[in-house]
Amino acid sequence: MPPHRSAPSTAFIDPSRIDAILASAVPDAEDRAFVVRCILGEGPAHHRGVNYVLLRLLGLLVDRLGGADMAALRERGTMPVPMKVPPHLERQGSLMTYPLALPIAPLSELAPAATPEQSAMVECLSDGPPQHALANAAMVWLIGAALDRIGERPPASARTSTRPRTKSSAPPKR
Amino acid sequence: MTQADVELPAGLDQAFGAVAGELGQATSSWLFVRAVARCAGDRAVEGLADTAGPQFVVLDAVARGWLAGVREQVVDPRPVLEAIGSATRLVVVGVEATFLDALVARINPAVKIAMIAHSPFAVDWDRVLDNYGGRVERVDLDTFQHWAGGKSALLTFAYGQNDSRTIVAPLWLRACGADVRAQFRALVGWNVLEAPMNLYPRWLVEVDVDSFTHFVPGT
Amino acid sequence: MQAPQLILPALLVVTLVIQAIWPRYRLLVVLGGAGASCLATSVLGLGHAAQLLSDVPWDVLVILVGLGLVSEVLVESRVFGVMAMRACRWSGADPRKISLLFAVGMYSHGGLVNNLTALLLILPMLLGLYKLVGVTQRYVTWSIGLLLVACNLGGAATPIGDFPAVLLLGGGKMTFTAYLVRALPTTLVGLVILVTLVVYGVRPERGLSKSPVSAAITVDTMTALYRNVRVDRRMLVPAAAALSAMIVADKGATPELICWIGAGAALLVRPSLGERLIRRKVDMEAVLFLLGLFVMVVAVRRSGVFGSVARGLVALPIPPVAQLVVFVLSAGLLTALFSAGPSMASLLEVGDVLARVHPPNAVYVGLALGVCAGSSLFTTAATSGPLAQALTERADLRDAEGRPLRFGFVEFLPVGILSFVVIEAIAIGYCLLAVQRGW
């Protein structure tokens with residue numbers, strides 16, 4: 001029998017950091033607190049730790065690219081992340097979804113919108129326990145924001161360089 | 001017959017058990033303590049704590065608190081309303097009539113309220129809900145998740161706080177499992193017992209204060 | 001005696017005995033007995049099942065279902081709970097006054113709703129009250145016993161209170177008013193005598209500690225339990241109107257039609273609630289039981305046994321009034337053995353024959369009162385008895401020493417014997433007066 005391992009420490013988790021990262025994706029403070037609790041406060045310790053680490057890293061990436069324009073991402077469409085209550089207790093309408101939706105625009109890079117492929121992707125991303133589904137949605141927001149920033153940059157060839165050109169003696173390779 | 005001559009009748013523990021489920025242990029305790037004090041004085045309140053207290057620890061706490069000078073019940077729903085915030089649905093886990101009455105009287109009329117009809121005591125749930133004139137609906141332990149959602153809150157009553165621990169009805173643990181915790185935006189504990197409990201909490205169970213999103217101290 | 005006059009009554013009696021011994025299977029037994037009766041009448045050439053079914057008093061079943069639903073509307077109005085709470089406050093939690101007020105209250109309720117509904121409404125609350133007050137076995141026996149008997153008397157007081165009286169109304173034997181003006185005062189006299197004997201003679205509260213603490217806790221608790229409960233007039237008024245409309249039956253409209261329309265109107269006040277009450281609260285057990293019973297009684301009637309019994313009774317070498325007394329006494333004893341439903345249904349057939357030679361009102365009201373007396377003799381004589389026993393057990397009532405308190409066949413027996421004697425005496429007294437004065 002393998003030796004018993006204790007759960008990893010999650011003392012490094014600082015919910016306020018993730019709260020700040022998701023501020024534009026979930027503007028309402030109470031809604032955001034609920035989402036952050038689900039991502040960082042529920043489920044096994046290693047899930048919580050992973051969510052924190054990956055969201056922080058993605059947040060850093062977005063910051064270094066110039067910040068996130070979540071409003072623009074939201075305008076291009078979102079899908080609700082449903083709560084997984086027992087089917088016979090489901091209530092029709094938007095009240096049984098999480099306050100954090102899943103943006104569709106980043107997924108359109110992988111599969112055209114309104115296709116079975118994209119629908120399957122949405123389903124995969126929003127399936128599973130809430131700490132997975134909401135962390136996935138949060139990551140797609142951040143990845144989408146990063147892609148948007150990268151998309152705004154001019155292509156490398158069009159960028160002017162301040163480095164002086166030097167004549168190369170070697171002929172170009174054929 | 002003076003107050004000092006009035007003896008406590010036998011069977012008060014049976015009497016308390018008959019109402020604790022319907023009014024709540026804290027509400028019932030205050031009712032009993034006031035009645036006993038009015039008719040038979042503080043010495044009888046001590047007798048009440050000695051006879052019925054071991055079985056009903058909330059009654060013991062309220063009676064001992066009375067003897068220590070705590071003569072008024074603090075009922076202020078405002079912090080609970082803040083904790084509930086903009087929730088549009090509220091599911092109440094457990095019964096405490098005095099406190100729930102105060103909350104229902106102050107809460108936004110647009111908030112829908114339900115009560116989980118489950119108790120270790122015998123309860124006439126129709127009578128409990130009739131007191132709210134249709135304002136509070138009845139749900140069961142196996143169907144209350146129908147009320148889950150991003151704008152839903154769960155509320156229960158807590159009986160004292162000791163550092164990081166508090167005491168609640170076991171129904172809270174049955175209702176607020178790992179799945180339910182992520183389906184209600186706010187998990188609110190409302191402390192309804194000012195005086196600390198000195199005895200092992202029969203009928204009740206200890207939990208971490210941190211297990212709530214909002215813990216209202218009540219004092 | 002011919003074969004049908006042996007076989008069909010034997011089927012009825014055997015069925016009633018078996019369902020009395022095994023009440024858990026009463027529906028199976030009675031419906032099986034009804035089926036066997038249909039088979040027997042077919043084989044014996046007395047009629048097919050369709051003919052038996054056409055003779056079933058369907059109007060009685062309609063009235064029973066309708067009144068049951070109106071009762072449920074009254075329950076939804078919360079009027080009974082509020083009145084019970086006020087009775088408790090008026091009594092100041094005095095055990096003697098509690099016995100008195102609740103007996104009177106149960107008599108009133110029993111006259112409006114069926115016994116089971118009345119008991120289900122009041123008894124749980126009363127048992128909770130007993131836990132607050134602190135009671136003894138003696139008090140439980142006599143106070144709950146008096147409650148049951150008061151309920152029976154109330155049921156016999158009006159034509160809509162309980163099945164036996166409903167059978168009279170539905171069969172057109174008596175009009176609503178004719179029954180009411182005779183039965184109500186008579187049952188009231190019975191109630192007064194019994195309450196006086198029990199509350200002031202037996203004094204069940206003897207031995208109870210009359211602690212002001214108990215009284216204060218009881219009154220405060222009852223006030224808290226009903227702190228915001230109000231009577232829902234939207235439900236109360238239509239239900240009361242439906243019951244009042246039964247009197248219109250005297251003016252030409254038949255009782256079952258009035259009941260059907262009145263119940264429907266009361267349910268329409270809140271359609272979703274009305275639909276829910278119809279689906280969940282119609283006492284199908286009682287309807288099926290009575291249907292099976294009626295089929296068997298109709299079969300026995302076709303054999304001519306009831307007529308023979310009635311003629312035999314009339315032929316007895318005793319004064320006519322004594323024949324009535326024998327009839328009323330028999331009703332009581334048969335009811336005690338076989339319960340109110342079967343006894344009333346069977347004896348009404350005999351009563352119809354007797355009513356040709358005796359004043360009809362005396363026969364029918366005497367029969368109803370005799371059945372009431374029999375229902376009050378044993379806990380097993382009516383469904384309310386086992387229900388009271390089950391509710392008391394469920395309440396887990398205990399005395400000051402922690403001993404469990406019971407309410408069963410043995411405990412009720414002294415109350416039952418006293419009640420039987422008093423109500424039979426009242427019934428016989430009524431018959432004598434009715435014959436003498438031509439009521």
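Here is a walk through the structure above, chain by chain and contact by contact.

Before we start, this is a predicted model, where local features need pLDDT of at least 70, side-chain atom pairs count only at pLDDT 80 or more, and totals for chains, interfaces and linings use all residues. Residues are numbered from 1 along each chain as its sequence is written, while chains are lettered from A and ligands numbered from 1 in the order in which they are written.

Let's begin with chain A. It has six helices and two strands; helices (H or I, at least four residues) and strands (E, at least two) are DSSP runs, numbered from the N terminus. If you follow chain A along its sequence, you meet them in the pattern α-α-α-α-β-β-α-α. Of its 174 residues, 29% count as buried. A residue is buried if 20 or more other C-beta atoms lie within 10 Å of its own, exposed if 12 or fewer, and partly exposed in between, with the C-beta atoms placed from the backbone. Now for contacts: two residues are in contact if their C-beta atoms, placed from the backbone, lie within 7 Å. Among the contacts in chain A with a separation of 6 or more, 68% come from residues 24 or more positions apart.

On to chain B. Its pLDDT (the predictor's confidence in each residue, from 0 to 100) averages 92, and 97% of the residues score at least 70. Among the elements of chain B, helix α1 (residues 12–23) has the lowest mean pLDDT, at 90, and strand β2 (residues 112–116) the highest, at 98.

A good strand to look at in chain B is β4(B). Twelve of its 14 residues are buried, so to speak of it as mostly covered is fair. Which strands does β4(B) pair with? Two strands pair if DSSP finds at least two bridges between them. Strand β1 (residues 89–93) of chain B runs parallel to β4(B), joined by five bridges, and here Leu90(B) stands opposite Ala153(B). Strand β6 (residues 184–191) of chain B is also parallel to β4(B), with seven bridges; look for Leu154(B), whose bridge partner is Leu187(B). Strand β5 (residues 165–168) of chain B runs antiparallel to β4(B), with three bridges, and Asn162(B) faces Arg165(B) there. The hairpin of β4(B) and β5(B) has two residues between the strands, and Asp163(B) takes a positive phi near 55°.

How do the chains meet? Where chains A and B touch, the contact takes 15 residues from chain B and 17 residues from chain A. On chain B's side, β4 (149–162) and α8 (178–181) are the elements that give two or more residues, and β4(B) gives the most, with three. That side of chain B divides into three nonpolar, nine polar and three charged residues. For these classes, Ala, Val, Leu, Ile, Met, Phe, Trp, Tyr, Cys and Pro count as nonpolar, Asp, Glu, Lys and Arg as charged, and the others, Gly among them, as polar.

Of the two pairs of chains in contact, chains B and C share the most contacts. Here 23 residues of chain C are in contact with 26 residues of chain B. On chain C's side, α7 (115–133) and α11 (212–225) each supply at least two residues, with α11(C) giving the most, nine. The residues on this side of chain C split into ten nonpolar, eight polar and five charged. Chains A and C, on the other hand, have no contact joining them, and their closest C-alpha atoms lie 20 Å apart.

Finally, take a look at helix α1 (residues 3–21) of chain C. Its 19 residues reach 27 Å from the first C-alpha to the last, close to the 27 Å expected at 1.5 Å a residue; that expected span is 1.5 Å times one less than the number of residues. Among the buried residues of α1(C) are Pro4(C), Leu8(C), Leu12(C) and Gln19(C). The buried residues lie on the same side of α1(C) because they cover an arc of only 145° around the axis, the arc being that of the directions from the helix axis to the C-beta atoms. They pack against α2 (26–44), α15 (284–303), α16 (305–314), α17 (320–338) and α18 (340–354) of chain C. The face turned away from the buried side of α1(C) carries the exposed residues Ala3(C), Leu6(C), Ala10(C) and Ile21(C).
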